[in-house]
Amino acid sequence: MVNKSAPKLLVVEDDEGLQRQLKWSYEDYEVICAGDRRAAIELLRAHEPAVVTLDLGLPPDPDGTTEGFAALEEILALKPDTKVIVASGHGARESALRAIALGAYDFYQKPVDIDQLGLIVQRAFHLHAIESENRLLGQKDGHETLGGLITSSDSMVRVCRMIERVANTDVSVMLLGASGTGKELLARGLHDSSGRKGAPFVAINCAAIPENLLEAELFGYEKGAFTGAVKTTEGKIELAEGGTLFLDEVGDIPLPLQVKLLRFLQERVIERIGGRKTIPVNVRIVCATHQNLEAMIAEGGFREDLWYRLAEVVIKIPPLAERQGDAVLLSHHFLRKYARDMKRPVKGFNADALAAIEAWKWPGNVRELENRMKRAVIMADGSRLSAADLDLAEVDDEDFLNLRAARERADRNAIRMALARTESNVSNAAKLLGVSRPTLYDLLKQYNIET
């Protein structure tokens, strides 16, 4: 009996016997079949399946691939998010390379191995579901995620939950993380989640302002306090009254100014440069740095008492390389953003680009990824970005174009992640991976993975 609520799988195959075999094999899906390109396109329009298996040898060219490739291009033109898995017994390697270049999700060679194809189909549905969810998240208003943050990483979700828990307190928060990890975005998210969201959020980069000007920027000055002080000017601390002051790169504050900042944090009053009266200020402090402040304290470069005032709660932000899945997720977000803003006809990524994005360590974190995506969207010739467009062509072509090796690598990573998340509970890991327990045991044995 056909399960009408199950995900729809379109099988484009002119062999009626194989059609029946695939229908019997995929009980978890609603399998719809087409024997030629015209029927396939009609069913695609009617049912909008997430995944399509496509035999390249379709009539009227069953011994070639011209009709199959025409079907592939038409399917992706009508519904670009479709995961198309192509099959052929004709010139398998050349067909695989061409199909992937045109935007196919994966490739398998005839004769069909039902179990192997089943795993490819299962992964395709899983990826389509994740991408659909991410598109929905990207369409939501920024307030629905902390500071507009986009992530699928457990470690970043934990960071967001920590920030939400401390948002409605007045404790000082220290954000520690490498440059480009999104510290200011998280600081804004903290402010917007707090009771101070209606008041100013004032940010200052302590590393970007010369030492002799930083004090004036923070505390303000009276008219005539120094040459060029032609009027009384409020500092950033005063401007943040009732709201949040974000001190980025706080490790670059010079020692003499650290003393004055410490007094403000203790007394909650300031004095402008050249002024004599104290001014009470109600401000929430959030700081960030990429430096090791504890090491700086040991070396005398940062005051320990100031550290304890600024770091009542410390939140460590993982680099992009440690945020599993975020690089590809953010790449899709930035591609859509810049393609829309710059009116460029870029729709997606080639397989080599996605492989390169996943393999790259992103030393510049999200800032580097955004810059590469922006440049690639501007410079790209085609509708899909390649690794060369991203200037990531150093990824080994043979490695990522070897589909069996790529699948094995993906399986290993997914299994290890699932085991880590479930503390090596095989039953729970199997549920997380969407496979049966015996299947997971077989994969553990096949890949020689210890639980």
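The following exchange asks why certain residues and contacts in this predicted model carry the labels they do.

Me: What makes up the secondary structure of the protein chain, and how far does the C-alpha trace span?
Reply: The chain contains 19 helices and 16 strands. Along the principal axes, its C-alpha trace spans about 90 × 50 × 40 Å. Of its 451 residues, 45% count as buried.

Me: Why is Glu16 called exposed?
Reply: The relative accessibility of Glu16 is 54%. The label exposed requires a value over 50%, so Glu16 at 54% counts as exposed. This residue lies in helix α1, which covers residues 16-25.

Me: What makes Asp14, Asp15, Glu16 and Asp36 a patch of negative charge?
Reply: Asp and Glu count as negative, and like charges are joined within 9 Å when the residues have over 30% relative accessible area and no salt bridge. Asp14, Asp15, Glu16 and Asp36 gather on the surface in such a patch. For Glu16, the value of 54% is over the 30% that the rule asks for.

Me: Why is the contact between Glu164 and Arg161 called a salt bridge?
Reply: The side chains of Glu164 and Arg161 meet at 2.8 Å, N to O. The rule asks for a side-chain nitrogen of Lys or Arg within 4 Å of a carboxyl oxygen of Asp or Glu, therefore the pair at 2.8 Å qualifies. Side chains of opposite charge can pair when their charged atoms come close. By this rule the count comes to 16 salt bridges.

Me: Where do Glu164 and Arg161 lie, and why are they called partly exposed?
Reply: Both residues belong to helix α6 (residues 154-166), where they are 3 residues apart, about one turn of the helix. Glu164 has a relative accessible area of 38%, and Arg161 has one of 37%. Partly exposed covers the range between 20% and 50%, so both residues receive that label.

Me: How do you know that Arg272 forms a salt bridge with Glu222 and with Glu238?
Reply: The closest N and O atoms of Arg272 and Glu222 are 3.1 Å apart. This pair links distant parts of the chain, 50 residues apart: Arg272 is in the loop between β11 (269-270) and β12 (279-280), and Glu222 is in the loop between β8 (220-221) and β9 (233-234). For Arg272 and Glu238, the closest N and O atoms are 2.8 Å apart. This second pair also links distant parts of the chain, with Glu238 in helix α9 (residues 236-239), 34 residues from Arg272. Both distances fall within the 4 Å cut-off, so both pairs are salt bridges.

Me: Are Arg272 and Glu238 buried or exposed, and why?
Reply: Arg272 has 14% relative accessibility, and Glu238 has a relative accessible area of 12%. Buried means under 20%, so both residues count as buried.

Me: What makes the link from Arg372 to Asp391 a polar contact?
Reply: The side chain of Arg372 reaches the backbone oxygen of Asp391 at 3.2 Å. The cut-off for a polar contact is 3.5 Å, so this distance satisfies the limit. Arg372 lies in helix α15 (residues 365-379) and is buried because its relative accessible area is 12%, under the 20% limit.

Me: What makes the phi values of Arg268 and Trp362 notable?
Reply: Most residues other than glycine have a negative phi. Arg268, however, has a positive phi near 60°, and Trp362 has a positive phi of about 50°. Arg268 is in the loop between α10 (255-267) and β11, whereas Trp362 is in the loop between α14 (351-359) and α15. Arg268 is partly exposed at 27% relative accessibility, while Trp362 is buried with a relative accessible area of 3%.

Me: What kind of peptide bond joins Pro59 and Pro60?
Reply: Most peptide bonds are trans. Pro59 and Pro60 are joined by a cis peptide bond, with omega about 10°. Pro60 lies in the loop between β3 (51-55) and α3 (66-78).

Terms used: Residues are numbered from 1 along each chain as its sequence is written. This is a predicted model: local features need pLDDT of at least 70, side-chain atom pairs count only at pLDDT 80 or more; totals for chains, interfaces and linings use all residues. Side-chain values use heavy atoms; hydrogens and water are left out. Patches are made of residues with over 30% relative accessible area and no salt bridge: like charges are joined within 9 Å, nonpolar side chains (Val, Leu, Ile, Met, Phe, Trp, Tyr) within 5 Å. Accessible areas come from the Shrake-Rupley method with a 1.4 Å probe; for residues, only the protein chains shown count as cover. The place of a charge is taken as NZ of Lys, CZ of Arg, CG of Asp or CD of Glu. Helices (H or I, at least four residues) and strands (E, at least two) are DSSP runs, numbered from the N terminus. Buried means under 20% relative accessible area, exposed over 50%, partly exposed in between (1.4 Å probe, protein chains only). A polar contact is a pair of N or O atoms within 3.5 Å; within protein, one must be able to donate a hydrogen and the other to accept it, and residues adjacent in sequence count only if both atoms are side-chain atoms.
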